[in-house]
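Welcome, and thanks for coming along. Please open the structure in your viewer and keep the selection tool at hand; each stop below tells you what to pick next.

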Amino acid sequence: MDQPIKSFSVGKYLQSVKRKLTETPAVWVHGVITQMTVKERVVYLSIAEYEEGNVKPVATLPLTCFIPKYAAICQKAENAAKPFTLREQIKVCFLVQADLYITLGKFQAQILDIDPVYTIGELAITRQAILKKLTEEGLLHKNAELELPPTPLHVGLITGESTAAYKDFTTRLDASPFAFKIRTEYAKMQGNETESTVLAALERLQQDSEIDVVCIVRGGGSKTDLNYFDSEALCRAVANYPVPVFTGIGHEIDKSLLDEVAYLSCITPTDCAKRLVERMTESWQAMLTMVSGIQDSAKTLLSETREELSGLAHSLQQAVFGRIQQEKSGLAIKGTSLAKEVQFILRNESQRVSRNEEGLKQGSRKILDLEKAKFEITELKVKSASPETALARGYSFTLDANGKFIRSKAQVKAGDLITTRLSDGTVQSVVQ
């Protein structure tokens with residue numbers, strides 16, 4: 001008869017496995033944080049292992065950490081030589097104890113401690129790698145090579161909403177004698193949303209063609225916040241930005257990679273605003289110097305011109321006086337010559353008038369005699385053409401009953417009374 005097969009309940013089996021797991025010693029495990037969720041009592045994390053050049057993990061380990069332990073680990077990270085904050089996408093090395101969550105039968109190791117030196121080293125390696133790439137691609141000083149306008153009055157501001165950094169920056173500009181125009185785009189200046197919100201703010205400001213300079217500012221705070229500005233994406237965006245970018249991220253000693261690629265890195269938001277005011281002051285002083293130079297040049301030119309005009313006026317006066325004397329002499333000569341010519345003309349004209357007068361007297365008599373002879377000839381012609389003369393010569397003329405001359409027989413007909421005039425009288429007759 002076969003012996004019955006020994007079996008365990010699910011709970012007992014998992015408890016047995018859990019005991020075996022907890023008996024294994026805690027070990028250090030390193031990887032990249034891929035997920036992190038903070039609950040009321042427990043923090044759930046996942047770390048993963050990646051092959052170089054591959055974004056898909058080759059192994060993933062779920063972890064848990066009770067809130068008190070998590071707080072102690074965070075404090076340890078913040079007190080490290082190079083402080084950092086636990087967040088996604090950074091490399092960590094945790095001391096973990098294998099464990100099993102019996103209710104779900106899920107393997108879930110617990111975090112007992114952290115090695116901050118490992119993370120600091122990895123952050124430094126990552127930072128150096130980004131810095132090296134930016135340098136090799138010529139991006140490290142690309143923004144700094146842009147020309148800052150002499151009067152950067154149109155300012156694009158990226159900062160946290162309702163923050164002291166915003167107030168410090170704007171107050172400093174408002175207190176200046178210059179009319180700065182500020183366009184503010186708000187972004188998250190700490191935490192995982194820093195990169196995406198700052199990139200979005202940069203893109204919005206780039207649409208404004210009036211912007212002369214962009215300032216990214218945040219106030220002082222935890223040194224761990226500085227790590228968010230080591231983003232390669234942010235560095236590339238600032239390096240390739242079309243206008244100068246100032247940073248005033250509020251850390252006097254340490255610099256982020258964003259500070260390295262910016263046109264100018266300032267220690268505080270107030271200092272950032274101060275640099276803009278200084279730029280405007282330099283331009284204002286340069287303009288005053290230029291105006292003063294123009295004024296001095298104008299005075300010198302006016303003085304030289306005045307002297308030149310005075311010399312020209314004197315020369316002109318002498319020339320005019322000489323010309324007047326010359327013209328006077330010429331006029332005197334011409335006056336004398338004209339007087340002689342007038343006398344000559346008057347004498348000639350007087351003689352001509354005398355001749356004309358005598359000729360007119362002689363001519364008038366000749367004209368009158370000629371006209372008298374012409375009149376006498378005309379008178380003879382008229383007399384010879386008169387009817388009386390013709391009648392005296394033996395001619396006669398005939399008139400009709402109306403007293404009109406009859407020149408053709410067609411003018412009369414039989415029975416008409418006609419009158420014939422002779423030198424010694426008239427004769428009436430009837431036409432037959």
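Where do glutamate 232 and arginine 236 lie, and how many residues apart are they? Select the two and you will see that both belong to helix H6, with four residues from one to the other, or about one turn of the helix. Before going on, please keep in mind that this is a predicted model.

**Stop 1: the pair in H6**

Show the side chains of glutamate 232 and arginine 236. They form a salt bridge, and the closest N and O atoms are 3.1 Å apart. Colour by accessibility if you like: glutamate 232 has 24% relative accessibility, so it counts as partly exposed. Arginine 236 is also partly exposed, with a relative accessible area of 24%.

Now widen the selection to take in Lys133 and Glu137. Together with Glu232 and Arg236, these residues are linked in a network of salt bridges. Lys133 and Glu137 are good ones to keep displayed as sticks while you look at how the network is joined up.

**Stop 2: H5 beside H6**

Keep H6 on screen as a cartoon, residues 232–239, and add helix H5, residues 194–206. How far apart are the axes of H5 and H6, and at what angle do the helices pack? The axes are 9 Å apart and the angle is about 15°, which makes H5 roughly parallel to H6. Rotate the view until one helix lies in front of the other: the crossing of H5 and H6 is left-handed.

**Stop 3: a bridge from strand to loop**

Next, select arginine 183 and aspartate 208. Their side chains meet in a salt bridge, at 3.5 Å from N to O. Arginine 183 sits in strand S9 (residues 181–186), while aspartate 208 is in the loop between H5 and strand S10 (213–217), so this pair ties together parts that are 25 residues apart in sequence. Are the two partners buried or partly exposed? Arginine 183 is partly exposed, at 31% relative accessibility, and aspartate 208 is partly exposed too, with a relative accessible area of 22%.

If you would like to hunt for others, a search of the whole structure finds 15 salt bridges.

**Stop 4: along helix H8**

Move to helix H8, which covers residues 269–385. Pick lysine 274 and glutamate 278, both in H8 and four residues apart, about one turn of the helix. They form a salt bridge whose closest N and O atoms are 4.0 Å apart. A salt bridge here requires the nitrogen to be within 4 Å of the carboxyl oxygen. Lysine 274 counts as partly exposed at 36% relative accessibility, and glutamate 278 is partly exposed with a relative accessible area of 33%.

Stay in H8 and select tryptophan 284. Then add Met287, Leu288 and Val291 and switch on the surface: with Trp284 they form a nonpolar patch there, with about 360 Å² of accessible area together. Tryptophan 284 counts as partly exposed, at 42% relative accessibility.

**Stop 5: a loop with a positive phi**

Go to serine 162, in the loop between strand S8 (154–159) and helix H4 (164–174). What is unusual to check in its backbone? Phi of serine 162 is near 55°, a positive value in a residue other than glycine. Serine 162 is exposed, with a relative accessible area of 72%.

**Stop 6: two distances to draw**

Finish with the distance tool. Select serine 9, in the segment before helix H1 (10–23), where it is partly exposed with a relative accessible area of 40%. Then select lysine 142, found in the loop between helix H3 (116–136) and S8. Lysine 142 counts as partly exposed at 36% relative accessibility.

Draw a line between the C-alpha atoms of serine 9 and lysine 142: these residues are 133 apart along the chain, and the atoms are separated by 68 Å. For the last line, join the C-alpha atoms of lysine 142 and proline 242. Here 100 residues along the chain go with a separation of 10.0 Å.

Note on methods:
Residues are numbered from 1 along each chain as its sequence is written. This is a predicted model: local features need pLDDT of at least 70, side-chain atom pairs count only at pLDDT 80 or more; totals for chains, interfaces and linings use all residues. Side-chain values use heavy atoms; hydrogens and water are left out. Patches are made of residues with over 30% relative accessible area and no salt bridge: like charges are joined within 9 Å, nonpolar side chains (Val, Leu, Ile, Met, Phe, Trp, Tyr) within 5 Å. Accessible areas come from the Shrake-Rupley method with a 1.4 Å probe; for residues, only the protein chains shown count as cover. Buried means under 20% relative accessible area, exposed over 50%, partly exposed in between (1.4 Å probe, protein chains only). Axes are lines fitted to C-alpha atoms, for helices over the stretch in contact, and angles run from 0 to 180 degrees between N-to-C directions. Angles under 35 degrees count as roughly parallel, over 145 as roughly antiparallel, 65 to 115 as roughly perpendicular and the rest as oblique. A crossing is left-handed if the near helix is turned anticlockwise from the far one by less than a right angle, and right-handed if clockwise.
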